[in-house]
Amino acid sequence: MAARGHVQDPNDRRLRPIYDYLDNGNNKMAIQQADKLLKKHKDLHCAKVLKAIGLQRTGKQDEAFTLAQEVAILEPTDDNSLQALTILYREMHRPELVTKLYEAAVRKVPTSEEYHSHLFMAYARVGEYKKMQQAGMALYKIVPKNPYYFWSVMSLVMQAISAQDEKLSQTMFLPLAERMVEKMVKEEKIEAEAEVQLYFMILERLGKYVEALEVVQGPLGEKLTSELQSRENKCMMLYRRLERWAECNALSCKLEIVPFDPDDWQFYILYFDSLFHLIDQSWAPPQEGAHSAEGEVHASTAQAISFMKDRIATEEAKESKHLRGPYLARLELIRRLRVRSCPEAQQLGEPLELMFQFFVKFGDKPCCITDLKIFLDLLTPDQHVQFINRLMEAVPLCAPGEDGVALPGDTRALQRHLCVTQLSRSLGQQHALNTEGKLGLIKELKAHYQHGLQFGKSCLKTELQFSDMYCLMAAHVYVDLWLETGESNMLWQCLGLLEEGLSHSSSNAQFKLLLLLLYCRLGAFEPVVDLYSSLDAKHVQHDTIGYLLTRYAESLGQFAAASQSCNFSLRFFHSNQKDTSEYIIQAYKYGAFEKIPEFIAFRNRLNHSLHFAQVRTERMLLDLFLEADISSPLEESVKSMSLCLEEDDIPWDSLRDNRDLTVLVSWDPKDRQLNEEHKQRSLEEDTLWLRLRSLTLRLIGCVSALTHPPASRNSEKTTENGVTAKPSSLQSLLSQLENTLNQATQLTEKQPQVRTALSSGCCQCQLSSLQLPLHLQELETTGLDGFIFTYFYFFFLHAFPDMLEKCKGDLLEVKDGQSKPQPFLLENLVYFVESVCIVLWVSNYCGSVLRPLKSSLQKKNSSLQSLLNQALEHIKSQELSLTALELGALSLEGQTQSEVQTFTKTAMDKVHSSYLRSLQEIGELLKKRADTLKSLKI
Amino acid sequence: ELTKMTTLRAFTCDDLFINNIYGIPFYLQYLAHWPEYFIVAEAPGGELMGYIMGKAEGSVAREEWHGHVTALSVAPEFRRLGLAAKLMEMLEEISERKGGFFVDLFVRVSNQVAVNMYKQLGYSVYRTVIEYYSANNGEPDEDAYDMRKALSRDTEKKSIIPLPHPVRPEDIE
């Protein structure tokens, strides 16, 4: 903890033990010590604040806050109190209170550089840009140091960036910032590189590229030294913006040849971009003098071809250490010439042959596949077979063994063979095979996999096996077969193969990811939890790949595990907010101005994450389904969530889809690859689902608030928690839910593979049950009886039995000696239970307003009771039949008793055990709900 | 072998969505303080090939001002292309410009592959730091080599004369 400087101050000596207790996490002792001290020294404010910190950390937020305000109101100016309060407010997530604190301090001590600078940082933490601008200038007036002046300038830039009105940025904030810098330039007061960077940023944002170029190329530009090639990169960017293609071309040409970095791909791309712009403009060199400010310019196809030939010749002349760049750039040039239908493309050679030559040189490097993959479209479809055969000529394999498979003799040969195999899949050759062909291919891939394991015997646990990719690819072919034939046997064998792969290569993330995905598809959440935790997902990955887990978590009936997986992600998101503000402040201190908007954009990207909103919503729903009216009343649960009914806290218009949808390796040909349309549709479905869930959540909150309208003495606090409900909000939420459900119906028609819940009708059922309170409020008491009767009649005689019917069937259906998983039954069961929860909450509400109608409701309740009993019986019988199922007795077609079968058996056991566990958890919840029905007040 | 073929550019926050092993504060701290020392390499297809992060620290007066390599990482499929050497060369160049006396880095004594690579790049063991890496899973703490390479400002190469005795982590700055 901070603030323990001046040893001579007796107060420091007195406070020290409290600091020590707090540092060691001994909050109780810290509080006691503070109390002791305060008895003797009533006015030792800091002791109060330290006590407040202790209280805050022991969960007594209200007490801590009151105590802190006692000190804050005195407007302290001693370091100890100020810093302790800053720490406390930060822990309370109330950074805005820190600004108040230092505003008072600078008022009392107007010449303090330290307090002014604290005030600036306090504003920075909450993003008060205008006040930052003023605080920076005030600071500069007290102590005329350049950084303070430029803090103020940067605050203007931030006002420009955050302004809703772009015009205001362009005509007011940025020009003002520009003038402030110009003043310093004129007075020759520019000192640091950061100041030039900021000047550059301002000019760039103003679109003043010519002026920016002058700065970079002029004397101020000489200060840009920290970053490598900083001036060149900036010039290049500006040439592009200014469409000065001649300079762009000459500079990229130069940068590609300079010895420092002769293999930078971005300069090849810029070279080609500028070249074709110049050709289109029929650019001609000036009569005399240099081509451009940056030197010689290439402006014809012929020059480009000869430039490429020179680059290649230079490489060919080398004995070793060949660069890959020139060879790939040659292919890129062919592509671009072909797009423009330039016959000169032929002068560079035939792509098939060039790619073969590339493979001869670099085929044993793992990156060869990513290099060549981007140029596969240069081949015509009828060249594909020839291409693969040609590459195979450069793969040294031993003579075929008795199984007819020719195998590589070392890892280099293996790498080459693997590269060709991957390219073959990328060209769609594997997809074109029929079932028999695919099974043959799998056999071959497995042989390569098994054989390759010998090369990796000395591999560490953290290293991958050389032949892992064969195993993964064979699994992909199994998945192809499963999707084509619908035969679950293919899936079981796929899982077995991946389990086997993982046993040899325990840190292969791709094995884990595919297993995770497949188990989820099978509705088996139990093995998924371990797989995900062994992936050791870090930080942002909870956002980018967390969806793999949380998308399925709740719907598969493993509620405890689902809660836990939401928590993984939530913990990460919550820490982000606090973390980023600290580094925004550091960026001001170190003058890393260009990073400040970047940090803020980063923070927003995480805060607006679709996944964040999803886990937040699902977590709250889960809590309600599991706890509300079981361990504590619904209204208590709702209250503890700070759920806001009136206002939606999900930023629908700026939701960010941070999911990494390409985290699983794929060698699929272009027409099967994930494209923008797929991503868009998946985003649409997820957003729609989130909308349904968040509306359901808020409606449940409404029902709770209607049942227990907040007592007036508590009103302030309840408003803070947001739990007040008006009939109007109920109505508007209901109509939103209805609209969203209509959209969902349309989506289901377009996309048959949407979530089970959307197609099973359970959402509709949840909506209908939530509509009841509204009808109750609208209708006069007269005639209600008949209405309620119709309503419950609908539920208990139609909707619920229908839903329950959809849950019936065997989770593992055994037919012809094969077992076929039917995970949708599990999902339906979960949604059935959810709907039961909702109906019970609504009944509770009805009971509270309709005492006179007791008897008719009671009748309906007994039919609900019998329905729940039916459901429980169904679950019990599923548990029993699953337990009785002997998986070992099932024949695994095409497999002999072997090690392979052991792994397949393992996978089956995992699914089996997971189904059982899900049933148990669902059954337990349903039982608890059935118990609450008995004690229902009506 | 030098076949790196890459696009080298400054690391940005969006890269954290692809590469993020140390936790956001760690990266942001470096981006806020030493952005120029944080460089990523990207393949022509857009894949992240590797990155280097470092910082400048030490007292100029005591001739200890130097560049430090905090992390260097190359994705498995982009190894053996000379990328690590290229990224190291860039970090050394930045340190040269800042007037550093040397560049240093820490490496596990057991990581023979890395130690040899750094030796090839001109680094030598300056000292051993005892139990520098804290253990997990019940394995013992591990020692680190502090390896150094002198820059042109250290004309007599004083900064890399090996220390005769190992030091403890609390003794290093």
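What volume does the second largest pocket have? The points below answer this and go on to the two chains, one cavity and one loop residue of this predicted model.

1. Pocket volume and centre. The second largest pocket has a volume of about 1300 Å³. Its lining consists of 36 residues, and those closest to the centre are Glu227(A), Asn233(A), Met237(A), Arg9(B) and Ala10(B). Residues of chain A and of chain B thus both appear in that central set.

2. Elements around the pocket. From chain A, helices H11 (193-205), H13 (230-241), H15 (265-280) and H30 (595-607) each supply at least two lining residues to the second largest pocket. From chain B, strand E1 (7-10), strand E2 (38-42) and helix H2 (83-97) each do likewise. H13(A) gives the most, with 7 residues. By class, the lining of this pocket divides into 17 nonpolar, 6 polar and 13 charged residues.

3. Cavities. The model holds 7 cavities of 30 Å³ or more. The second largest cavity encloses about 60 Å³ of space. Its lining is made up of Trp689(A), Leu692(A), Arg693(A), Thr696(A), Leu737(A), Cys762(A), Cys763(A), Gln766(A), Tyr831(A) and Glu834(A).

4. Where the cavity lining comes from. Three helices of chain A, H33 (676-707), H37 (762-778) and H39 (823-849), each supply at least two residues of the lining of the second largest cavity. H33(A) has the largest share, 4 residues. The lining of this cavity comprises 6 nonpolar, 2 polar and 2 charged residues.

5. Chain A. The secondary structure of chain A comes to 41 helices and 2 strands. Of its 938 residues, 55% are buried. Among contacts in chain A with a separation of 6 or more, 71% are between residues 24 or more positions apart. The exposed surface of chain A is about 41400 Å², with 51% supplied by carbon and sulfur atoms.

6. Chain B, fold and dimensions. Chain B has 3 helices and 7 strands, in the sequence order β-α-β-β-β-α-β-α-β-β. Its C-alpha trace spans about 50 × 45 × 35 Å along the principal axes. The radius of gyration of chain B is 16 Å, which agrees with the value near 16 Å that a compact globule of 173 residues would have.

7. Chain B, burial and surface. Buried residues account for 51% of the 173 residues in chain B. Of the contacts in chain B between residues at least 6 apart in sequence, 61% join residues at least 24 apart. The accessible surface of chain B is about 7800 Å², and carbon and sulfur atoms hold 49% of that area.

8. Pro366(A). This residue sits in the loop between helix H18 (351-362) and helix H19 (368-373) of chain A. Is Pro366(A) buried or partly exposed? Pro366(A) counts as partly exposed because its relative accessibility is 21%, and buried means under 20%.

9. Surroundings of Pro366(A). Neighbours within four places in sequence aside, Pro366(A) is in contact with Gln415(A) in its own chain and with Pro76(B), Glu77(B) and Arg80(B) of chain B. The C-alpha atom of Pro366(A) is separated by 8.5 Å from that of Arg416(A), a residue 50 places away along the chain.

How values were computed:
Residues numbered from 1 in each chain as written. Chains lettered and ligands numbered in written order. Predicted model: local features only at pLDDT ≥ 70, side-chain atom pairs only at ≥ 80, totals over all residues. Heavy atoms only, no water. 1 Å grid on protein atoms, 1.4 Å probe; cavity = no way out; pocket = protein on both sides within 12 Å on 5 of 7 lines; lining within 4 Å. Points joined across faces, edges and corners; volume = space filled by probe spheres on them. Nonpolar A, V, L, I, M, F, W, Y, C, P; charged D, E, K, R; others polar. Rg over C-alpha atoms; globule rule 2.2 N^0.38 Å. Buried < 20%, exposed > 50% of the residue type's maximum accessible area, 1.4 Å probe, protein only. Contact = heavy atoms within 4.5 Å. Areas by Shrake-Rupley, 256 points an atom, 1.4 Å probe, with all protein chains shown as cover.
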